[in-house]
Amino acid sequence: MAPVISRSLLLVFVFTSFQSVAQDAVCPDRSDAEPARLIDSDVQKRRVANLSPPWRGDEQFRFTWFSGYVGVDGRLDGICCYSSSKQISSSESRDLREKLKDLRFTPASHNGEKLEAYVSFTIIGVKTDSGIEARMFLNQLRSKEEFGIDYIAPQRIGVFGAFASSRIRGEYALDVDERGTPSNARITQWHMGSDGARDGLLEHVGQKCFIPGKVNNQPVAMPYFEVIQRS
């Protein structure tokens, strides 16, 4: 006679198995992969310097955060999830998107293969005697206490793909080791979406692979954060 498994025990087993699947992605070692980077040229530097919108008031700095896909052609696309230390108007947002279209990047790569990567950005606008000048960093300053402001955050490889039909809005985090393997997927903010969509998101992101974060051009384990807005 087959053993009887209680419903509560079965739920514990399913939940534990789900957590294991969501946190144990099988990823190749990408510790020697190259992350996407802004092309180092005078033209690109001038374009970056003009990214931050002007503002009134005495604030010395203005921060703007967003993310987007850097394709194998070096162009920035799929820009998502603007936030700012000062509220961005719709016209400022449109203007910034147009300026970002002109930026060119060296795409992420590994073993000679170019990779599409989802990249986090921070634009820091600084007031100077001659006006507003901006700098752009390939992170969202989440690990600045450990690594300063000029590190490169982990970059998610490939497009996100569909995982839920419902509308969701929130943020997830996971830990990416120096090989690019994620673990400990978790929700850090949740504003919209069902419990099923939330669980589906964790399962989905736990199977993604990454280019590890870089500090002084060396791979370093660090957390990865991504805002999700799907409607």
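In the predicted model, Gly170 is paired with Ile228 of strand S15 as its bridge partner. This pairing belongs to the ladder between strand S10 (residues 168-176) and S15, in which nine bridges join two strands that run antiparallel. S10 and S15 are part of an open sheet of three strands, arranged in the order S11-S10-S15 with antiparallel pairing. Strand S11 (182-192) and strand S15 (222-230) occupy the edges of this sheet; each has a single partner strand, so one side of each is left without a neighbour in the sheet. From one strand to the next, the twist averages 20°. Helix H5 lies across S10, S11 and S15, and the helix runs at about 150° to S11.

A further set of antiparallel pairings is centred on strand S2. S2 (61-70) is joined to strand S7 (117-128) by 10 bridges, the two strands running antiparallel. Five bridges join S2 to S3, and this pair likewise runs antiparallel. Trp65 takes part in both pairings: Thr122 in S7 stands opposite this residue, while Ser83 is the bridge partner of Trp65 in S3. S2 and S3 form a hairpin with five residues between the strands, and within this hairpin Gly74 adopts a positive phi near 80°. S2 is mostly covered, with seven of its 10 residues buried.

Helix H3 (residues 90-100) packs against these strands. Ser93, Leu96 and Leu100 of the helix are buried. When H3 is viewed down its axis, the buried residues fall within an arc of 65°, so they line one face of the helix. The elements against which these buried residues pack are strand S2 (61-70), strand S3 (76-84) and strand S7 (117-128).

Two disulfides are counted in the model. One of them joins Cys27 to Cys209, with an S to S distance of 2.0 Å. The torsion about the S-S bond of this pair is about -90°, so the disulfide is left-handed. The bond links distant parts of the chain, the two cysteines being 182 residues apart. Cys27 is located in the loop between helix H1 (7-23) and strand S1 (37-38), whereas Cys209 is located in the loop between helix H5 (195-205) and strand S12 (210-211). Cys27 and Cys209 are both buried. Cys80 and Cys81 form a disulfide as well, with their sulfur atoms 2.0 Å apart. These cysteines, Cys80 and Cys81, are also both buried. With bonded cysteines counted along the chain, the disulfides follow the pattern 1-4, 2-3.

Ser143 is situated in the loop that connects strand S8 (131-137) with helix H4 (144-147). The relative accessible area of Ser143 is 3%, and the residue is therefore classed as buried, the cut-off being under 20%. Apart from neighbours within four places in sequence, the contacts of Ser143 are Gly148, Tyr151, Met222 and Pro223. Among these partners, Met222 and Pro223 fall within the residue range of S15 (222-230), the edge strand that is joined to S10 by nine bridges.

Terms used: Residues are numbered from 1 along each chain as its sequence is written. This is a predicted model: local features need pLDDT of at least 70, side-chain atom pairs count only at pLDDT 80 or more; totals for chains, interfaces and linings use all residues. Side-chain values use heavy atoms; hydrogens and water are left out. Helices (H or I, at least four residues) and strands (E, at least two) are DSSP runs, numbered from the N terminus. Buried means under 20% relative accessible area, exposed over 50%, partly exposed in between (1.4 Å probe, protein chains only). Contact means heavy atoms within 4.5 Å. A disulfide is a pair of cysteine sulfur atoms within 2.5 Å. The arc is that of the directions from the helix axis to the C-beta atoms. Two strands pair if DSSP finds at least two bridges between them. Axes are lines fitted to C-alpha atoms, for helices over the stretch in contact, and angles run from 0 to 180 degrees between N-to-C directions.
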